[in-house]
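Subject: Structure handover

Hi,

Here is the structure for you to look over. My notes follow below it.

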Amino acid sequence: RQPKTVHLDVSPLVHQGLDRFLFSLVLLGQVVDSSGRVWRRCEADDYRIEWSESSSTIAKSENYKNRTGRNAFISYLPCIRCNSPKEFLEDLLYRRKTTIPVHIESFVDSDMFQRAFQYLHRRNSDIGKYRYTAEREKNYALSLQTVVSHCAANTDDPSWADVKHYVSFLSYQLESMDKSNFCVPESLECLPGFKNFVLEFMIRMSRDFSEPSINMRQKAVAIDSSELDQHQLCRTWEKSDHPYLFFNEDRTTFSFVGIVIGENGHLIDPANRSKDLGQVMKAALREALLLQKCNLQEDYRLWDRTKRLSILGSVMGVPDCSSWDDPSYKLTSDNMMKMLAIETRFQCGIPVILLGE
């Protein structure tokens, strides 16, 4: 048979049994499970082991060496170190690296990345008449620095997966924004600054939707910490703000969920009206939206079941929500928001893990 390449992605949280497993796989060429079943490795296959190095995993390796008098088996394997986006960017900025790996070059040159970069680069300017062009930014340091600086709120050193998910979500939404009739230059007269308003929300949502809830980097976990400590959340859904602007299934119209705009154009937390989340629109746009009968003071938590189903149907493209409504299911505002978040992540190819009773 044809040789295969097998990719083993080892989580930073996995330590127990890893040394024995790799030794059996690499040197003995076989793995035996608890029932005595043997799985043999084909010598023609190529195995690539991805192991995330962090302060926690380094500490675990040092502890293993102190207890056993030898290094962890993985330290004897030939390795190629993959720099994080921040480390790679520093190499570019300080001229320590002059060549760009092919996989990074193709990623940065992709339409997905370039669309996100071009709009992020123009975030503080008027983009009412701007549309994405296929022209590529060849300054890779500028491109990466712009995207990475916007990427993650809870870390200054995002992973490549964080960057990819952020860019994937943002680019998908921006492509819909460019096609929307409400964001074309012809709409500037009746909706001044609306495209900038949409861009601001897409940037906020991209960070929210692409950021993992569980801390997988383990930079500050003690060596003797419990398993529970190692799975602490970066944030919780209930304690986070969720003002969302969703594109409906037609990718042209919008659904406003949790968006409350004060008289000064600032975004307000509907759960705490005294909490100011910053300015998101100018007075002229606010007045224009009010003339269009947009409710900018609506608390989504007070919506009835019919309204919640209507929003779900618009975003997911189900015209008659009553046909799939199960009266025995308690559809709360929180459940509705989570469904919308899951659906939007699926659209952009971002992994979703569902946990529950």
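Start with the contacts in the protein chain. Counting pairs at least 6 apart in sequence, 64% join residues at least 24 apart. Please keep in mind that this is a predicted model. The chain has 357 residues, and 40% of them count as buried. It holds 11 helices and nine strands.

Confidence

The protein chain has an average pLDDT of 82. A score of at least 70 is reached by 84% of the residues. Among the elements, helix 5 (residues 111-121) has the highest mean pLDDT, at 94. Helix 2 (residues 55-68) has the lowest, at 57. Watch residues 218-225 too: the pLDDT there is below 50. Beyond near neighbours in sequence, that stretch still has 15 contacts in the model.

Helix 6

Next, helix 6, which covers residues 140-151. Is its length what its residue count predicts, or is it off? At 1.5 Å a residue, its 12 residues should span 16 Å. The end C-alpha atoms are 16 Å apart, so the two agree.

Nine of the 12 residues are buried, so helix 6 is largely enclosed by the rest of the structure. The buried set is Tyr 140, Ala 141, Ser 143, Leu 144, Thr 146, Val 147, Val 148, His 150 and Cys 151. What covers them? The cover includes helix 3 (85-93), helix 4 (102-109), helix 5, helix 7 (160-179) and helix 8 (194-210).

Two of those covering helices hold residues worth a look. Leu 92 sits in helix 3. Its relative accessibility is 11%, under the 20% limit, so Leu 92 counts as buried. Along the chain, Leu 92 and Asn 139 are 47 residues apart. Their C-alpha atoms are separated by 9.9 Å.

Gln 114 belongs to helix 5. Is it buried or exposed? Gln 114 is buried, because its relative accessibility is 0%. Its side chain makes polar contacts with backbone atoms. One goes to the backbone oxygen of Val 108, at 2.8 Å. In another, a polar atom of the Gln 114 side chain lies 3.2 Å from the backbone nitrogen of Glu 137. Leaving out residues up to four places away in sequence, Gln 114 touches Val 108, Asp 109, Tyr 132, Glu 135, Arg 136, Glu 137 and Ser 143. Ser 143 is also one of the buried residues of helix 6.

Cysteines

How many disulfides does the structure hold? The count is zero. Cys 151 counts as buried because its relative accessibility is 2%. Cys 183 also has 2% relative accessibility, so Cys 183 counts as buried.

Ile 74

Ile 74 lies in the loop between helix 2 and helix 3. Its relative accessible area is 16%, so this loop residue is buried. What does Ile 74 contact, leaving aside neighbours within four places in sequence? The partners are Asp 19, Leu 22, Ile 49 and Trp 51. Phe 23 is 51 residues from Ile 74 in sequence. In space, the two are 8.5 Å apart, C-alpha to C-alpha.

Strands

Now the strands. Strand 5 (residues 244-247) and strand 6 (residues 254-257) run antiparallel, joined by four bridges. One bridge pairs Phe 247 with Phe 254 in strand 6. Six residues lie between the strands of this hairpin. There, Arg 251 takes a positive phi near 60°.

Further along is an open sheet of three strands, in the order 7-8-9, with antiparallel pairing. Why is one side of strand 7 (260-261) and of strand 9 (272-279) left without a neighbour in the sheet? Both stand at the edges, each with a single partner strand, so one side of each has no neighbour there. Strand 8 (residues 266-269) pairs with strand 9 over three bridges. In one of them, Ile 268 has Asp 276 of strand 9 as its bridge partner.

For a first pass on screen, I would go to helix 6 and the helices that cover it, among them helix 3 and helix 5. Then turn to the 7-8-9 sheet. Treat residues 218-225 with the low pLDDT in mind, as it is below 50 there.

Best wishes

Notes
Residues are numbered from 1 along each chain as its sequence is written. This is a predicted model: local features need pLDDT of at least 70, side-chain atom pairs count only at pLDDT 80 or more; totals for chains, interfaces and linings use all residues. Side-chain values use heavy atoms; hydrogens and water are left out. Two strands pair if DSSP finds at least two bridges between them. Helices (H or I, at least four residues) and strands (E, at least two) are DSSP runs, numbered from the N terminus. pLDDT is the predictor's confidence in each residue, from 0 to 100. Contact means heavy atoms within 4.5 Å. The expected span of a helix is 1.5 Å times one less than its number of residues. Buried means under 20% relative accessible area, exposed over 50%, partly exposed in between (1.4 Å probe, protein chains only). A polar contact is a pair of N or O atoms within 3.5 Å; within protein, one must be able to donate a hydrogen and the other to accept it, and residues adjacent in sequence count only if both atoms are side-chain atoms. A disulfide is a pair of cysteine sulfur atoms within 2.5 Å.
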